[in-house]
Amino acid sequence: MTPRPALAFVSLVLIAGAILLIFLTLLGGAIDKNPTNQFYFLEADTSGLGNAAGKTRWTFWNACSVTNGRNSCPGAHPAYPFDPNRNFDTTMSFGGRKYYLETRFMFAFVIIGLFFAVCALCLGLVALCSRIGSFLSSATCSVALFFQTLTAALMTAAYVQGRNAFRSSDRTASLGRYNFGFMWAAVAALFLATLLFCVGGVTGKKDKAYTSRAGGRRFFGRKKSTKSARSRGSFIDPERQRRIDKEDSD
């Protein structure tokens, strides 16, 4: 029995998990309710920077102040950039346009990756019973993996450099462990799902080829046996005829 259905099922679970993690990251900053009000990319001491609060947390949607250890976000703005100079109307050196571009593209890439992840989840249902479905799911999942990896890489580059910039200015700053964990875990889940879909498709092909070869051997074996039986029959008949002829002559 081919292991393809089991591999496809595990892949579907991994993709569903990746989608859930991406959604949780996206909800941080958009909904001020537990637990999403604990999700952020970077927390930094921004006291004295223009119109900033004492502490600020950056999410996909805005720069939020911190109240009792929770995000307090004034409103949602898609693709909100990490750019302290623009965010707080200050002229201090915090990376400038580099951070702006990295975080703006990051939002676009995560949406594209999420779309293809959902497509891979739907196609994965076909992979439960078809080799073609396995290969199509693997291809779609690999596209989702590509964009999710770009998102995680841009996130790491922008916010790690931003943290270092704050620290070099003698300000406390720390990365959001939830968002970073969610994004890189989603990359790992999509990678494993892509690999398992591929293995399921290739394994199904090998099993089919093996069955065909095995069937061919059984067929030729029966044919050889039939031929041998005929040969034995043709050998026995002349001997019997000679005995009958000898008895008649006696």
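Okay, let's start in a loop: Ala-79 sits between strand S4 and helix H2, which covers 84–88. I picked that residue because its phi is positive, about 55°, although Ala-79 is not a glycine. Before going on, I should say that this is a predicted model, so please hear everything today in that light.

Why does a positive phi catch my eye? Most residues other than glycine have a negative phi, and most peptide bonds are trans. So, is Ala-79 buried or exposed? Ala-79 is buried, at 12% relative accessibility.

There's another one to look at, Asn-68. Its phi is near 55°, again positive and again in a residue other than glycine. Asn-68 is in the loop that links strand S3, residues 63–67, to strand S4, residues 70–72. But here the surroundings go the other way: Asn-68 has a relative accessible area of 75%, so it is exposed.

While we're on backbone oddities, have a look at Asn-34 and Pro-35. The peptide bond joining them is cis, with omega at about 5°. You'll find Pro-35 in the loop between H1 and strand S1, where S1 is 42–45.

Right, let me zoom out for the overall layout. The protein chain has 5 helices and 5 strands. Reading from the N terminus, the order is α-β-β-β-β-α-α-α-β-α. There are 250 residues in the protein chain, and 40% of them count as buried. And if you take the contacts with a separation of 6 or more, 67% are between residues 24 or more positions apart.

Now the helices. Two packed helices are described by the angle between their axes and the distance between the axes. Take H1, residues 4–27, against H3: the axes come within 9 Å and cross at roughly 155°. An angle over 145 degrees counts as roughly antiparallel, so that is what H1 and H3 are to each other. The crossing of H1 past H3 is left-handed. As for who makes the contact, on the H1 side the residues include Leu-12, Ile-15, Ile-19 and Phe-23, and on the H3 side they include Phe-107, Ile-111, Leu-114 and Leu-121.

H3 has another partner. Which angle do H3 and H4 pack at? About 155°, with the axes 7 Å apart, H4 being residues 131–168. So H3 and H4 are roughly antiparallel to each other, and their crossing is left-handed.

Staying on H3, I want to point at Lys-98, which is in that helix, residues 97–127. Lys-98 is partly exposed, at 40% relative accessibility. Its side chain makes a polar contact with the side chain of Gln-161, at 2.8 Å. Lys-98 also comes up with Asp-83: they are 15 residues apart in sequence, and their C-alpha atoms are 8.5 Å apart.

Back to the strands for a minute, and to Val-66 in S3. Val-66 is partly exposed, with 26% relative accessible area. Setting aside neighbours within four places in sequence, what is Val-66 in contact with? The answer is Glu-43, Lys-55 and Arg-57. For Glu-43, that's 23 residues away along the chain, with 8.9 Å between the C-alpha atoms.

Last topic, the cysteines. How many disulfides does the structure hold? Just 1 disulfide. That is Cys-64 with Cys-73, and the sulfur atoms are 2.0 Å apart. The torsion about the S-S bond is about 95°, so this disulfide is right-handed. Cys-64 is buried, at 1% relative accessible area, and Cys-73 counts as buried too, at 13%.

What about Cys-122? Its closest cysteine sulfur is in Cys-119, 6.6 Å off, and that is too far for a bond; the cut-off for a disulfide is within 2.5 Å. And then there's Cys-129, which counts as exposed at 60% relative accessibility.

So, to leave you with a picture: H3 packs roughly antiparallel against H1 and also roughly antiparallel against H4. The disulfide joins Cys-64 and Cys-73, and the loop between S3 and S4 holds Asn-68. And the residue we opened on, Ala-79, combines a positive phi with a buried position. That's me done, thanks.

How values were computed:
Residues are numbered from 1 along each chain as its sequence is written. This is a predicted model: local features need pLDDT of at least 70, side-chain atom pairs count only at pLDDT 80 or more; totals for chains, interfaces and linings use all residues. Side-chain values use heavy atoms; hydrogens and water are left out. Buried means under 20% relative accessible area, exposed over 50%, partly exposed in between (1.4 Å probe, protein chains only). Helices (H or I, at least four residues) and strands (E, at least two) are DSSP runs, numbered from the N terminus. A polar contact is a pair of N or O atoms within 3.5 Å; within protein, one must be able to donate a hydrogen and the other to accept it, and residues adjacent in sequence count only if both atoms are side-chain atoms. Axes are lines fitted to C-alpha atoms, for helices over the stretch in contact, and angles run from 0 to 180 degrees between N-to-C directions. Angles under 35 degrees count as roughly parallel, over 145 as roughly antiparallel, 65 to 115 as roughly perpendicular and the rest as oblique. A crossing is left-handed if the near helix is turned anticlockwise from the far one by less than a right angle, and right-handed if clockwise. Contact means heavy atoms within 4.5 Å.
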